[in-house]
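User: Could you take a close look at one part of this model for me? I would like a connected account of a single strand and its surroundings.

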Amino acid sequence: MSDIRERIAGLNPRQREAVKYIDGPCLVLAGAGSGKTSVITTKIAYLIQECGMSARRIAAVTFTNKAAREMKERVSSMLPGKSGHGLTVSTFHTLGLNIIKSELKTLGLRSGFSLFDPEDARVLLRELMQKDAQVDADQINRVQGQISSWKNDLILPGPALSHAETEDEAFCARVYEHYTRHLRAYNAVDFDDLIMLPATMFERHPEVLAKWRRRIHYMLVDEYQDTNSSQYQLVRMLMAERSTFTVVGDDDQSIYAWRGARPENLVQLGEDFPSLNVIKLEQNYRSTAVILRAANTLIANNPHVYEKTLWSDKGLGESIRIIMTRNEEAEAERVATEILTARIKQSAKWKDFAVLYRGNFQARLLELKLQHYQIPYKLSGGTSFFSRNEIKDAMAYLRLLINPADDNAFLRIVNVPRREIGPTTLEKLANYASERRVSLFAACSELGLSHVLGEKAVERLGRFNHFLEAIRKRMDQGDAIAAIRQMFQEMDYEAWLVQNASAPAIAEKRMANVWTLVDQLEQSMHRGTEEGDEASEETDDVEAAISRLVLRDILDQQAQEDDTDKVQLLTLHASKGLEFPHVYVMGLEEELLPHRNSIEANTIEEERRLAYVGITRARQSLTLTLTKQRKVYGEMMDCTPSRFLDELPEEDLQWFGRPDKENPEQKHERGKEALAGLRSLLG
DNA sequence: AGGGCTAGGCTTTTT
DNA sequence: GCCTAGCCCT
């Protein structure tokens, strides 16, 4: 807990200015590795410690839970005692969720509302579209994407329909309208609503906005280049009067345009706030001069509103190596053996190496080679915990418990485990429910059901309803978590898993996943209670905790695993924000990086930024690889070296395996050399 | 209720 | 060329 003044004294002049400028709007253009997180965390501590601002009046916003968690930790380590109490450090979505939770009435929601993840939303969309036309798998995705981008632009269904230019768009808008109505009926919101609802509410209810402006006096936004339109509107509305905020970002690292990020928001800010103080952080504390020179010359090919050039005092460092191989197998092989030898030569650890690539498929071959050489590695990505079926089932139970109007959750689990409630019964139930305008779950216990359904069916539905109602009662009365555990036991969910699994061991694993989920729910509840965000009763805590679960805001169990000594395999996207002593970027070829679709869509600039992000991850050494041939969709294709290679400073590059007319033997010799070196090292 | 077949698609992905 | 989602068939 070092003194805040000391900490500020340790910053460079630009960083110090960024921390101490608090009287107006502030944009910090933070180049890669320029210590932006330090600036944000120190600034929060400075506001509290030196400027006497209450932590409760400060909100810092990030894009990922991980970043929010880390930032919170760093800030609280700088602050003495409880002075950080009440500080908000959260994702945009969690901030939106909290706003929604305190404005339920204005928004026309009831407490315990469900949060639909994109998969839930997709299921609902499919159902809605099936009525209209025949469903095309791809069509659902397109509609979902269109709705999402409308929501990102704060466009409601009405205007979406009236402004539709094509029949296709009009169709989407009609589905959007249905979708919105159904979400309302289910007392549910989706991820995009977490931003859109607060933003549109603030527009329509100035008195509510005024209240929130009194609550939040200073805002800090990390990764500002990743904000979309609705997020920007939210920040703008909250901060409009006071103009006290700091946003930190790097337009050169904007790589999420495809999911709605608007790097133009950086420019927009200057127009909306003419007094904006723009501070550039250009000193890089991460990489060698050679690496930065490559990064600078590459990105200079993109147009810039604010020019910036990274520099470091770390010395030139090694040349950048470019390795060209015969095919993708040789490429993977080469990367594996390079890491093997480099580790010994540099007496480095496995975790000092990262291999970056454009697409996840590129990792497959590499994995094989790494396994062959017994190199330990950690692969980022893969199937998420939350897309597992048992987790989706468990989540549906939780959702239905706190929100009986959630018909989607009901349909998912009413017959899981088997309760002999089939499609015919459900259809009749649905008709009855929609006539009486009640939820499916509520309809289950209505007496009138016996007019439309057989005795047995009525009995089964009633039993299901009573079962869950009993659990709900237990949750209200006492230990909610205990009641939830009991629920899974009483319905013998494990038996159902065993029945459905190919091996008992698999079922066991799945059941363990469910218990992990419940454990995390429990932990999340305790965390929420300790922080005492708002006065809340027990059930309110469960609701909040379940929402946090859906938002993936759970403790990272892989945290310890991250520290282990393994080579990191990541997509270029996933590498943003990280750094490694030795970085390999694979597949520097036209059609791959830049990606084929981006060439066609003419979004080369974003691909260039992607390459820029990859390059700037490296501290000490950088190796780029490419191949002459590669299998594309099963067909062997000749590859062209990426245009980005031509945009790097020739004098800093060291080529291996480049076909060279003057010296055709070169590649052969180099290859042999490398192999001989490897052999001698391996003994 | 589950498995097998076929067609289409094939970058990146957080909340 | 391979994978996966969704459909159909038993």
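The answer below starts at strand 14 and works outward from there.

Analyst: Happy to walk you through this one. Please keep in mind that the model is predicted. Let us begin with the strand itself.

Strand 14 spans residues 618-627. Is strand 14 enclosed or open? Eight of its ten residues are buried, so the rest of the structure largely encloses this strand.

Its pairing comes next. Strand 14 runs parallel to strand 9, and five bridges join the two. Strand 9 covers residues 320-325, and Met-324 has Leu-626 of strand 14 as its bridge partner. Strand 13, made of residues 580-585, also pairs with strand 14 in the parallel sense, over five bridges. Here Val-585 stands opposite Leu-624 in strand 14.

A good residue to zoom in on is Ser-621, which sits in strand 14. Ser-621 counts as buried because its relative accessibility is 7%, and the cut-off for buried is under 20%. Its side chain makes a polar contact of 2.8 Å with the side chain of His-582. Leaving aside residues up to four places away in sequence, Ser-621 touches Pro-581, His-582 and Val-583, along with Ile-291 and Glu-318. Pro-581, His-582 and Val-583 fall within the residue range of strand 13.

The contact with Ile-291 leads us to helix 15, since Ile-291 is one of the buried residues of that helix. Helix 15 runs from residue 289 to 299 and is mostly covered, with eight of its eleven residues buried. Besides Ile-291, the buried set contains Val-290, Leu-292, Ala-294, Ala-295, Asn-296, Leu-298 and Ile-299. What lies over these residues? The cover includes strand 14 itself and strand 9, as well as helix 30 (604-615) and helix 31 (643-646).

Moving along the chain towards strand 13, we meet Lys-576, in the loop between helix 28 (572-575) and strand 13. Is Lys-576 buried or exposed? Lys-576 counts as buried, because its relative accessibility is 15% and buried means under 20%. Beyond residues up to four places away in sequence, Lys-576 touches Glu-223, Gln-225, Asp-226, Gln-253, Ile-255 and Tyr-256, and also Val-613 and Arg-617. Val-613 lies within the range of helix 30, the helix that helps to cover the buried residues of helix 15.

Now for the DNA. There are 23 residues around DNA strand B, and those that come nearest are Asn-65, Arg-358, Asn-360, Thr-571 and His-573. Of the DNA strand B atoms that come within 4 Å of the protein, sugar and phosphate account for 49%. By class, the surface near this DNA strand has twelve polar, six nonpolar and five charged residues.

Some distances to phosphate oxygens of DNA strand B fill in the picture. For Asn-360, a backbone N or O atom lies 2.6 Å from one. Thr-571 places a polar side-chain atom 2.7 Å from a phosphate oxygen, while for Tyr-633 the distance from a polar side-chain atom is 3.2 Å.

Finally, a word on the cysteines. The structure holds zero disulfides. Cys-444 is buried because its relative accessibility is 3%, and Cys-639 is buried too, with a relative accessible area of 19%.

Note on methods: Residues numbered from 1 in each chain as written. Chains lettered and ligands numbered in written order. Predicted model: local features only at pLDDT ≥ 70, side-chain atom pairs only at ≥ 80, totals over all residues. Heavy atoms only, no water. Buried < 20%, exposed > 50% of the residue type's maximum accessible area, 1.4 Å probe, protein only. Helix = DSSP H or I, 4+ residues; strand = E, 2+ residues; numbered from the N terminus. Contact = heavy atoms within 4.5 Å. Disulfide = S-S within 2.5 Å. Pairing = 2+ DSSP bridges. Near = heavy atom within 4 Å. Polar contact = N/O pair within 3.5 Å; in protein donor to acceptor, adjacent residues only side chain to side chain. Nonpolar A, V, L, I, M, F, W, Y, C, P; charged D, E, K, R; others polar.
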